[in-house]
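Please open the model in your viewer, with the sequence panel beside it. The tour goes from one selection to the next and says what is there at each stop.

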Amino acid sequence: MRRVQSSDACGRVWVFGDYRNYFKNRVTLQLIARAKDLAGKLDTGVTVLLLGERVHQWAMEYVAHGADTVVVVDLPALKDYRAETYSGIMSQLVELYRPEIILGGATRFGRELFPRLAKRLDTGLSSDCVDLEIDPSDRGLVQITPAFGGELLAEIVCPNRRPQMATVHPGTFKELPHDASAVGCILYPELEIIPDERVEKIRSRPERDRETRLEDAPLVIVGGRGMGSKDQFETLFELADLLGAEVGATLPAIQAGWAAPDRLIGQTGRIVKPKLLISIGTSGALQYTAGIRGAETIIAINRDPKASIFRMADLGIVGDGRTIVGLLLEELRKRF
């Protein structure tokens, strides 16, 4: 097979296409939108990498959402995901087309696959990024991610290795509108597929839908360590029921067992962009605030007037969150 340089057929900014649960998991579409901005600064195109069986329909969806090229490896051997098989195929494609940047979702899937791929390619990987930029001085990818336990935002670069790789949380970027008239190039390269036989699938079943819909909620109430106890944290659920909101939690509240792990807001949890976010008893650590930067309006309640959360709040209330929630509940019960 003739070796095709990336400039011949593919853009230099790649996005891994995770089409599973397509209509709910939009991270690939969000990454395509950001990749378009990055590619524009590099004067190149955006390529989506799609692996699986009978996946052509998803290729057309990615074109409609902004992809210039979709590289499709469509084989029966790829019907079931195996990390080693997928990373092996991706490394072959990288050697073939030589992209400069590869992006993926910071999901359980991406956190398993991307470190393996980075190891195969002998390059770096920045995980759980909250933003991506291009350095105009050297055209390098600047990967912005919380560091030191969420206390700082670090700008990470990979000057000496290619491709530059990063994973990004779902909900960090906004997807482009669907354009049914969009036209793109779809490539079907011929590759040698060596399935990974160390893992055998015995059976599978769909994962039950989570109860929480934090990413889509217009109103989110987030409780932190300042709620004091599990019983006090439970009052947030009653408040949410009365207001039609969803409840999220900071890492200390999750670790204390006050809320389920799927309610975690922040760098390693959910990214939310509600019209209104009420943050109660949260200190404002970067690990947490990385997940709420897209909120239109933030109301913060904390006993400490110097709490970091007040620096990003539109309205700050200095006081005991437990007392204030109690007063709100008392008033709302009268009205409903």
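What follows starts with the whole chain and then moves through single residues, loops and helix pairs.

This is a predicted model, in which local features need pLDDT of at least 70 and side-chain atom pairs count only at pLDDT 80 or more, while totals for chains, interfaces and linings use all residues. Residues are numbered from 1 along each chain as its sequence is written, and side-chain values use heavy atoms, with hydrogens and water left out.

**The whole chain**

Select the protein chain and colour it by secondary structure: it has 9 helices and 15 strands, where helices (H or I, at least four residues) and strands (E, at least two) are DSSP runs numbered from the N terminus. Of its 336 residues, 51% count as buried; buried means under 20% relative accessible area, exposed over 50%, and partly exposed in between, with a 1.4 Å probe and protein chains only. Among the contacts with a separation of 6 or more, 64% are between residues 24 or more positions apart, a contact being heavy atoms within 4.5 Å.

**Trp14 and Gln30**

Next select Trp14, which is found in strand E1 (residues 13–16) and counts as buried at 1% relative accessibility. Its C-alpha atom is separated by 5.6 Å from that of Val48, 34 residues apart along the chain. Leaving aside neighbours within four places in sequence, the residues in contact with Trp14 include Thr47 and Leu49, as well as Leu93, Val94 and Tyr97.

Move on to Gln30 in helix H2 (residues 27–42), which also counts as buried, at 12% relative accessibility. The C-alpha atoms of Gln30 and Glu175 are separated by 4.2 Å, although these residues are 145 residues apart along the chain. If residues up to four places away in sequence are not counted, Gln30 touches His169, Pro170, Gly171, Thr172, Phe173 and Glu175.

**Helix H3 and the loop before it**

Arg54 is the next selection, in the loop between strand E2 (46–52) and helix H3 (56–64). Its phi is near 55°, a positive value in a residue other than glycine, and at 71% relative accessibility Arg54 counts as exposed. Within helix H3, select Met60, which counts as partly exposed at 42% relative accessibility. The C-alpha atom of Met60 is separated by 9.7 Å from that of Cys185, with their positions 125 residues apart along the chain.

**Helices H4 and H5**

Two packed helices are described by the angle between their axes and the distance between the axes. Select helix H4 (residues 83–97) together with helix H5 (residues 108–121), which pack at an angle of about 50° with their axes 9 Å apart; the axes are lines fitted to C-alpha atoms, for helices over the stretch in contact, and angles run from 0 to 180 degrees between N-to-C directions. That angle makes H4 oblique to H5, since angles under 35 degrees count as roughly parallel, over 145 as roughly antiparallel, 65 to 115 as roughly perpendicular and the rest as oblique.

To see the contact itself, show side chains such as Tyr86, Met90 and Val94, which are among the H4 residues that meet H5, where Phe109, Leu113 and Leu117 are among the partners. The residues of this contact divide into 8 nonpolar, 3 polar and 4 charged; Ala, Val, Leu, Ile, Met, Phe, Trp, Tyr, Cys and Pro count as nonpolar, Asp, Glu, Lys and Arg as charged, and the others, Gly among them, as polar.

Continue to Asp122, in the loop between H5 and strand E5 (125–129). Its phi is near 55°, a positive value in a residue other than glycine, and Asp122 is partly exposed, with a relative accessible area of 47%.

**Gln143 and a cis peptide bond**

Gln143 is found in strand E7 (residues 140–147) and is buried, with a relative accessible area of 2%. Which residue's side chain does a polar contact of 2.6 Å join to that of Gln143? The partner is Ser126, a polar contact being a pair of N or O atoms within 3.5 Å of which, within protein, one must be able to donate a hydrogen and the other to accept it, and residues adjacent in sequence count only if both atoms are side-chain atoms.

Then select Pro163, in the loop between strand E8 (152–156) and strand E9 (164–168); the peptide bond from Arg162 to Pro163 is cis, with omega near 5°.

**Helices H6 and H9**

Finish with helix H6 (residues 230–243) and helix H9 (residues 321–335), which pack at an angle of about 35° with their axes 10 Å apart. Leu236, Leu239 and Leu243 are among the H6 residues that meet H9, whose side of the contact includes Val325, Leu328 and Leu332. This contact divides into 8 nonpolar, 2 polar and 3 charged residues.
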